[in-house]
Structure formats: C-alpha cells, structure tokens
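Subject: Structure handover

Hello,

Here is the structure you asked to take over. Please open it next to this message and follow along.

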Amino acid sequence: MSDDLEIPPAAPEVASGQPTAPRSGVRSSRSLAKTGAYLILVALGLFAIVPFSWLLLAAFDEQASIFVKVPSTWTLDNFVNLFANQDGLRLIVNSLIYSGGATLLLVVVATMAGYVLSRYSFPGRRTFMLGILLIRVIPPTAIIAPLYVIAASLGFLNTYYGVTLVLASWQLPLALWLMKGFFDTVPLEIEEAAWVDGATRLKAAFRVVLPLAGPGVGAAALIAFIGAWNEFLIPLVLISDPDKQPIALGLFRAYISYTQVDWGFLAALSVVYVIPAVVFYVVARRALQQSVAGGLAGT
C-alpha cells in the first residue's frame with residue numbers, strides 16, 4: 001500500500017448568509033411591486049392633469065362647459081371679455097400692489113430680523129423664535145374676528161397699505177426662520193475679517209454677509225409673493241370695495257355672482273390668475289432650490 005495518499009481538493013466554502021443565485025420568486029415580486037407603484041403614479045398624474053387640461057381647453061372655447069372637451073372653434077373671446085368688460089386688468093393691478101408691497105416689506109423686515117437673531121444672543125431668543133413660529137401654526141380662521149377688530153380700529157379696512165401690512169405680517173414667521181438659517185450658514189470669521197479691514201458692523205453685514213445669503217432673500221421673496229398672491233381669506237375680510245379687490249376675490253365673484261356660470265370666462269380668469277405666480281417661481285426657483293439644500297441647515 002502506497003504511503004502517498006491523494007487527498008481530493010476541498011469544495012469551496014460558501015459564505016454564510018449569501019445566496020448563491022438570485023431567486024426567481026424574489027425577482028417576480030419586485031417587478032410586480034414596481035409595476036404597481038408605476039400604475040399608482042400614473043393614476044395620480046392623470047388625476048392632477050385632468051383639471052388643468054379642462055382649464056386650458058375651456059379658456060379657449062366659446063361654448064365651454066363643465067366637461068373636458070376639445071374646442072370645436074378656438075377663440076380668444078374669453079380673454080377679451082376678461083380685460084374689456086370684466087375689469088380683469090384692475091384685478092391684476094390690485095393683486096400686484098398687494099403682493100409686491102407685501103414681498104418688499106417682508107424681505108426688508110425678515111432680512112434685518114434674521115441677521116439679528118443669527119448674530120446676537122440674548123435671553124429668551126429661542127422662546128421668542130418658537131413663539132413667532134407658533135403664530136404661523138394657528139389657522140387663519142381662528143384669528144379672523146380679532147384681526148377685523150384690530151384692522152377696523154387702525155383704519156386698515158379697504159386700504160392698500162392695511163391689507164399689504166397684514167399679508168406681510170402673516171408670511172413673516174416662515175421667512176424669518178428661513179433668513180435666520182441662511183445667516184447661520186455664513187461663517188462669522190468672514191465678517192470678523194471685514195471688521196479687521198476697517199468695515200463697520202453695518203457695512204460688513206450689507207457688503208459681505210448679505211450677498212452670501214442672497215439665495216435666502218430670493219427664497220423669502222418667493223414665499224412672500226406666492227403666499228400674498230394666493231391669499232383669499234384676509235382680502236375677503238378686510239376689503240369690501242370692489243375697486244380694491246384682488247384677482248382671488250374676482251375669481252370667487254365670477255363663480256357665485258350669476259345663476260349660470262360662464263365657464264369660459266372663469267377658465268380664462270383662472271389662467272391669468274396662475275401666470276404671475278408661475279413666472280415668479282421660474283425666476284426665483286434657483287434661490288428656492290439653494291434654500292432647501294443649505295438654508296435650513298442652520299435652523
């Protein structure tokens with residue numbers, strides 16, 4: 001018998017817990033789940049697209065109805081009627097006054113207050129900021145009665161400046177937190193370097209810190225404009241003069257003023273109502289994206 005015994009090679013060990021081959025059942029279940037998810041997304045997309053398709057089609061249909069249909073004859077009569085006979089231009093101008101004034105006022109106040117809350121530490125600062133944010137959490141309908149009483153006592157009813165001030169103050173808490181977060185992301189060392197070079201605190205804030213927080217200003221302006229443009233309840237309570245009503249109230253009147261709704265006019269008014277907010281968003285969307293990416297990091 002030979003002393004040299006041949007030992008057969010050992011089979012390669014399989015790592016524990018790792019399958020040697022993908023199972024077809026797992027693949028089938030994943031494919032089925034993915035298909036179901038896509039079907040749900042398609043259904044939700046159609047649910048959102050159908051109202052907008054009716055809006056666009058009805059605005060150019062002289063015989064528009066509540067049903068979605070392609071116009072047999074495309075026309076601009078609904079838009080002509082809006083601007084020529086229904087004071088559409090006045091409604092748009094009023095809304096631009098309210099929204100533009102509220103945006104300008106909010107950006108100035110939120111920028112200055114956000115810088116102070118970011119750079120200065122004082123007792124009760126955290127409580128103060130949480131209290132401001134709590135104001136925004138309260139539903140608007142809960143403060144309508146006291147808001148009307150205060151506005152009437154201050155002479156804000158049926159005035160451009162009164163409604164503008166109320167709209168700006170209502171959007172201030174969120175914009176204030178946003179600006180404070182942006183100023184927190186600007187290193188204090190940069191500002192201190194400007195002080196060493198001889199700049200005053202105010203000059204360093206405007207020439208060094210504010211340009212770096214520019215996306216936050218754009219995002220605050222976007223929030224303020226869209227919020228003021230879309231606001232309905234506050235103008236409804238504070239404005240009774242038809243000549244000073246914004247387009248949101250004009251849209252509401254177009255729906256309830258007559259027993260038979262002019263769907264073509266209503267659709268045209270809705271299209272015009274959407275355009276300024278969309279244009280403002282397209283212009284300021286980069287600032288909004290940067291604010292989401294980095295501005296809230298400091299909050």
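The largest pocket has a volume of about 290 Å³. Please keep in mind that this is a predicted model. The lining of the largest pocket is made by 13 residues, and Ile143, Leu147, Val166, Ser169 and Trp170 are the ones nearest its centre. Two elements each give two or more residues to this lining: helix 5 (144-154) and helix 6 (160-185). By class, 12 of the lining residues are nonpolar and one is polar, with no charged residue.

The second largest pocket holds about 230 Å³ of space. Its lining includes Val107, Val108, Thr111, Met112 and Tyr115, and also Arg201, Leu202, Ala205 and Phe206. Phe183, Leu210 and Val217 belong to the lining of the second largest pocket as well. At least two lining residues come from helix 3 (88-119), and at least two from helix 8 (201-212). Here the classes are 10 nonpolar, one polar and one charged.

Next, the cavities. How many cavities of 30 Å³ or more does the structure hold? There are two.

The largest cavity contains about 50 Å³ of space. Among the residues that line the largest cavity are Ser95, Tyr98, Ser99, Leu167, Ala228 and Trp229. Others in that lining include Glu231, Pro235, Pro246, Ile247 and Ala248. Helix 3, helix 9 and helix 11 (247-256) are the elements that give two or more residues to it. Which helix gives the largest share of this lining? Helix 3 does, with three residues. Sorted by class, the lining of the largest cavity has eight nonpolar residues, two polar and one charged.

The second largest cavity has a volume of about 30 Å³. Its lining consists of Trp54, Leu57, Ala58, Asp61, Ala64, Ser65, Phe67, Val68 and Lys69. Six of these residues are nonpolar, one is polar and two are charged.

One residue of that lining can be followed further. Leucine 57 belongs to helix 1 (residues 24-59). Is leucine 57 buried or exposed? Leucine 57 counts as buried because its relative accessibility is 19%, and buried means under 20%. Leaving out residues up to four places away in sequence, leucine 57 touches Val68, Lys69, Val70, Pro71 and Trp74. Of these, Val68 and Lys69 also line the second largest cavity. Tryptophan 74 is 17 residues from leucine 57 in sequence, and their C-alpha atoms are 8.8 Å apart.

Now the cores. In soluble globular proteins, nonpolar side chains tend to be buried together. The largest nonpolar core in this model has 30 residues, and Leu106, Leu167, Ile234 and Leu238 have the most contacts inside it. Helix 3, helix 5, helix 6, helix 8, helix 9 and helix 10 (233-238) each give at least two residues to this core. Helix 6 gives the largest share, 10 residues.

Leu167, one of the residues with the most contacts in this core, also lines the largest cavity. Which residues does isoleucine 234 touch, not counting residues up to four places away in sequence? Isoleucine 234 touches Leu147, Val166, Leu167 and Trp170. Among these, Leu147, Val166 and Trp170 also appear in the list of residues nearest the centre of the largest pocket.

Apart from the largest core lies another core, of 25 residues, among them Leu91, Ile247, Ala254 and Leu266. Ile247 also lines the largest cavity.

Two more residues are worth finding in the viewer. Serine 270 is located in helix 12 (residues 263-294). Serine 270 is buried, since its relative accessible area is 13% and the cut-off for buried is under 20%. Not counting neighbours within four places in sequence, serine 270 is in contact with Leu55 and Leu251.

Glycine 218 is in helix 9 (residues 214-230). Glycine 218 counts as buried because its relative accessibility is 19%. Its C-alpha atom is separated by 6.1 Å from that of alanine 284, although glycine 218 and alanine 284 are 66 residues apart along the chain.

Regards

Definitions and conventions. Residues numbered from 1 in each chain as written. Predicted model: local features only at pLDDT ≥ 70, side-chain atom pairs only at ≥ 80, totals over all residues. Heavy atoms only, no water. Helix = DSSP H or I, 4+ residues; strand = E, 2+ residues; numbered from the N terminus. Buried < 20%, exposed > 50% of the residue type's maximum accessible area, 1.4 Å probe, protein only. Contact = heavy atoms within 4.5 Å. 1 Å grid on protein atoms, 1.4 Å probe; cavity = no way out; pocket = protein on both sides within 12 Å on 5 of 7 lines; lining within 4 Å. Points joined across faces, edges and corners; volume = space filled by probe spheres on them. Nonpolar A, V, L, I, M, F, W, Y, C, P; charged D, E, K, R; others polar. Core = buried A, V, L, I, M, F, W, Y, C linked by side-chain atoms within 4.5 Å.
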